[in-house]
Amino acid sequence: MTGGRTVGGETLPGAGGEDADAPDRVVCHVDMDCFYASCERLRHDDLDGEPVVVGMGYEPGESIGAVATASYEAREFGVESAMPISEALELLPRRADADPDDPDAPDPAETGRYLPVDLDFYEAVASEVKDVLRDCADTRREVSIDEAYLDVTDRTAWTVAGSGGGDGDDGVDGADPADPPPSGAAGPAEARTLAEGYARHVKERIEREAGVPASVGVAPNMSAAKVASDADKPDGLVVVPPGSVAEFLAPLPTADVHGVGPVTERKLAELGVETAGDLAAADRDRLAEALGERGPELSRRAAGDDDREVTPTGLPKSLSRESALPTTPDEATKRETVSALAADVARRARERGCLYRTIGIKAVEPPYDVNTRAKSLPGPVDDPDLVEEVALDLLAEFDETPVRKLGVRVSKLDFAETDQATLGGFDAGEDAGGGSGDTGDRTRGAGARTTATDGDGGKLTDWVDGEPTAEETDRDATGDDAERRTGDGQASLGDWS
DNA sequence: TCTGGGGTCCTAGGACCC
DNA sequence: TCTGGGGTCCTAGGACCC
């Protein structure tokens, strides 16, 4: 019954292919417009219409740090994400520096407002956005604080809605979920679909209920929806119906394809592949030679062929912390930095109730040579002292090396509940009466015991792994260590449990 | 492009086991 | 023991994304 009518006509080579029977899905990609800046506007009325720059590592009045988000007004001055604040200030001086009495001071009309990142506040706003999304779609994947995919196939359809303004008595039956407003439809389709109306409904609800603008892309698959949401930012709504995906993508530069970065773009250009259309049509064996398996995959995406399901965001795979420093070979400075980073990573891991089995560092040498070192433990642990010890140990290799940035990471995470006494039949430690987890370290029964008793530890993985299933691990966000840090349950990588 | 911070996934080589 | 292949794990690095 979801016989999704194809609007853009033309059967496309390759697209659809063998799964012609599969019903077309309706995927929305929701992308907040310069999210941090929009959040700041939400609480500072006077920022409306102003160039706004939100800087990370930025302190008011200083010029260190990097641009996290620039409002569209600020982008007009050339300010971009990831740009050093010092550079942004040259393009767009700070409003506070505009002094009417000083002839050398910048013209206020050519200045902007600079604010430091306030992640807690943005997360609070993001959670209101999530509330809307949860309401609008059963299947969601949150990619970052300001971006999500929704599979709304069962909420709407690719059916063409009544083309007039009023309720046309065309063949379309069923209650349309949202009133398709008459205003400017974007997208290659001439006719409006129910899907478009639904997407508009989602977009308007976000703006109304969370107070921040979003751009939305709608398409029969994830990668096309992603490109669509990007195609008319800010405040865009772009609809790409089944059958017109390849046509929509074809003229775009390869860099617009999700997964094509600077390196891949250059390699593709060397092959004479400049547009998504070129990429779709390119010989896939040649792409594989030049780019590995990713090549043919990118080609399929560019052809509108992407059958990935929208799957809920999982638990994180690693936690890390890094920080830049003035380039230095000084051993004490480096060790202090790594110790602090290690403590922070370990604290975050504990807060999230996760154990880790691999500890690693990163040391960046000028000009920008990234070195990583890692060490795996016999079993999963939660042990801040050990994180520091291993990290410092790995750092020793770089004792003589000048570095500009250092990082610490834990990976091979294990979110099994710490009270999982059943696992090994052990009491998982002595923290029975403890309470607020200030015990030095905790180790899951398995790891602790083996670490203590047998040196080679090699077999441990056999039964440490494979034990926690997805369903079991889902529960982590709810209970344990989250304690007082309420509302933070789905901190940055928000998981929809 | 003189590069900030937090992530993901992929690849490739070596060790080790059978 | 110069010798075949397959599988898994670990480490390091690269590319990409927001």
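Of the atoms of DNA strand C within 4 Å of the protein, what percentage belongs to sugar or phosphate, and what is left for the bases? In this predicted model, the sugar or phosphate share comes to 100%.

Looking at the protein side of that meeting, 20 residues sit around DNA strand C, and the ones that come nearest are K226, T264, R357, A374 and S376. As for chemical make-up, this surface splits into seven charged, eight polar and five nonpolar residues. Strand 11 (369–382) and helix 8 (262–270) each chip in with at least two residues, and strand 11 supplies the largest share, six residues.

A few polar atoms can be picked out one by one. G259 brings a backbone N or O atom to 2.8 Å from a phosphate oxygen of DNA strand C, and V263 does likewise at 3.0 Å, again with a backbone N or O atom and a phosphate oxygen. With S144, it's a polar side-chain atom that lies 3.0 Å from a sugar or linking oxygen of the strand.

S144 turns up again in the lining of the second largest cavity, in the company of residues including V30, M32, L133 and D146. That cavity holds about 70 Å³ of space and is one of five cavities of 30 Å³ or more found in a search of the whole structure. Strand 1 (27–32), helix 4 (119–136), strand 5 (139–144) and strand 6 (147–151) each give at least two residues to its lining, with helix 4 giving the most, four residues. Sorted by type, the lining has seven nonpolar residues, four charged and one polar.

Key. Residues are numbered from 1 along each chain as its sequence is written. Chains are lettered from A and ligands numbered from 1 in the order in which they are written. This is a predicted model: local features need pLDDT of at least 70, side-chain atom pairs count only at pLDDT 80 or more; totals for chains, interfaces and linings use all residues. Side-chain values use heavy atoms; hydrogens and water are left out. A residue is near a molecule or strand if one of its heavy atoms lies within 4 Å of it. A polar contact is a pair of N or O atoms within 3.5 Å; within protein, one must be able to donate a hydrogen and the other to accept it, and residues adjacent in sequence count only if both atoms are side-chain atoms. Ala, Val, Leu, Ile, Met, Phe, Trp, Tyr, Cys and Pro count as nonpolar, Asp, Glu, Lys and Arg as charged, and the others, Gly among them, as polar. On a 1 Å grid over the protein atoms alone, a cavity is a set of points where a 1.4 Å probe fits but cannot get out, and a pocket is an open set with protein on both sides within 12 Å along at least five of seven lines; lining residues have an atom within 4 Å of a point. Grid points are joined across faces, edges and corners, and a volume is the space filled by probe spheres set on the points.
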